[in-house]
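Please open the model in your viewer and keep the sequence beside it, so that each selection can be followed in both places. The tour goes from one selection to the next and says what is found at each stop.

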Amino acid sequence: MKIPGISKIKYQDKIYSLGHRVVTENMQSLGLRNNPNIITYPFQEWVYLKTDQIQKGKSDWGGIWVARTPSRAKGLHKYMKQKHKTPTRIFKSAIDKILYANDYRIKTNAIILLEEIKCQ
């Protein structure tokens, strides 16, 4: 699936779509929208969802969501800090298959956190 406007990143001589993952300080998913499926993301290791946990389309279930841009990720970082009093970290990430995308986020089946983006 080719979505216009999604940046690319080269990792280990392969080109991937680029996303920006916001995680808690202990590298876990945020659990927004009452998501009970909390994933821990090891730094620079691929995390793949199991086949039965993947669903194409815009439903919140069935994928790993990432921000399309650093500014969208920083907005989520700010929201978590102000609304939920939860400090977060942002990582530039390579993603595998695009299951869904809109103007501000991308849903994927797999991700690797490559580089931390520092923000206030």
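Select Asn26 and Thr24 with their side chains shown, and you will find that a polar contact of 2.4 Å joins these two side chains. Keep in mind from the start that this is a predicted model. Asn26 belongs to the loop between S2 and S3, and if you add Ile111 to the selection you can compare two kinds of distance, since Asn26 and Ile111 are 85 residues apart in sequence and 17 Å apart in space, C-alpha to C-alpha.

Another contact of this kind can be shown by selecting Asn109 and Thr108, whose side chains are joined by a polar contact of 3.5 Å. Asn109 lies in the loop between strand S7 (105–108) and strand S8 (110–117). Is Asn109 buried or exposed? Its relative accessibility is 6%, and because buried means under 20%, Asn109 counts as buried.

**The aromatic rings**

Next, show the side chains of the aromatic residues, among which the structure holds four aromatic pairs. Begin with Phe43 and Phe91, whose ring centres are 5.8 Å apart and whose planes stand at 50°, so the pair is tilted. This pair links distant parts of the chain, for Phe43 is in the loop between strand S2 (14–24) and strand S3 (47–48), while Phe91 is in strand S5 (residues 88–95), 48 residues apart. The surroundings of the two rings can be compared by turning on the surface: Phe43 is partly exposed, with a relative accessible area of 42%, whereas Phe91 is buried, with a relative accessible area of 1%.

Now move to Trp65 and Tyr100, which form an edge-to-face aromatic pair with 6.1 Å from centre to centre and 70° between the planes. Here too the pair links distant parts of the chain, with Trp65 in strand S4 (residues 64–67) and Tyr100 in strand S6 (residues 98–101), 35 residues apart. Trp65 counts as buried at 12% relative accessibility, and Tyr100 counts as partly exposed at 24%.

Before you leave Trp65, add Arg105 to the selection, and you will see that the charged end of Arg105 sits over the ring of Trp65, 3.6 Å from the centre of that ring. One further selection completes this part of the tour, namely Tyr16, Trp46 and Tyr48, which together form one aromatic cluster.

**The largest pocket**

Trp65 and Arg105 also lead to the next stop, the largest pocket, which has a volume of about 740 Å³. Which residues should you select to find its centre? Of the 30 residues that line the largest pocket, the closest to its centre are Arg21, Leu32, Arg33, Trp65 and Arg105. The elements that give two or more residues to the lining are S2, S4 and helix H1 (70–83), and the largest share, five residues, comes from H1. If you colour the lining by residue type, you should find 16 nonpolar, nine polar and five charged residues.

While helix H1 is on the screen, select Met80, which has its place in this helix and counts as buried at 3% relative accessibility. Met80 and Asn34 are 46 residues apart in sequence and 14 Å apart in space, C-alpha to C-alpha.

**Two backbone angles**

Most residues other than glycine have a negative phi, and the next two selections are therefore worth a careful look at the backbone. Gln12 has a positive phi of about 50° although it is not a glycine, and its place is in the loop between strand S1 (8–11) and S2. Lys85 likewise has a positive phi, of about 55°, without being a glycine, and this residue is in the loop between H1 and S5. Are these residues buried or exposed? Gln12 counts as exposed at 65% relative accessibility, and Lys85 counts as exposed at 67%.

**A last stop in strand S2**

Finally, select Ser17, which is placed in strand S2 and is buried, with a relative accessible area of 8%. Add Pro87 and draw a line between the two C-alpha atoms: Ser17 and Pro87 are 70 residues apart in sequence and 26 Å apart in space.

Definitions and conventions: Residues are numbered from 1 along each chain as its sequence is written. This is a predicted model: local features need pLDDT of at least 70, side-chain atom pairs count only at pLDDT 80 or more; totals for chains, interfaces and linings use all residues. Side-chain values use heavy atoms; hydrogens and water are left out. Rings of Phe, Tyr and Trp (its six-membered ring) pair if their centres lie within 6.5 Å; planes under 30 degrees apart count as stacked, over 60 as edge-to-face and the rest as tilted. Helices (H or I, at least four residues) and strands (E, at least two) are DSSP runs, numbered from the N terminus. Buried means under 20% relative accessible area, exposed over 50%, partly exposed in between (1.4 Å probe, protein chains only). A charge sits over a ring if NZ of Lys or CZ of Arg is within 6 Å of the ring centre and within 35 degrees of the ring normal. On a 1 Å grid over the protein atoms alone, a cavity is a set of points where a 1.4 Å probe fits but cannot get out, and a pocket is an open set with protein on both sides within 12 Å along at least five of seven lines; lining residues have an atom within 4 Å of a point. Grid points are joined across faces, edges and corners, and a volume is the space filled by probe spheres set on the points. Ala, Val, Leu, Ile, Met, Phe, Trp, Tyr, Cys and Pro count as nonpolar, Asp, Glu, Lys and Arg as charged, and the others, Gly among them, as polar. A polar contact is a pair of N or O atoms within 3.5 Å; within protein, one must be able to donate a hydrogen and the other to accept it, and residues adjacent in sequence count only if both atoms are side-chain atoms.
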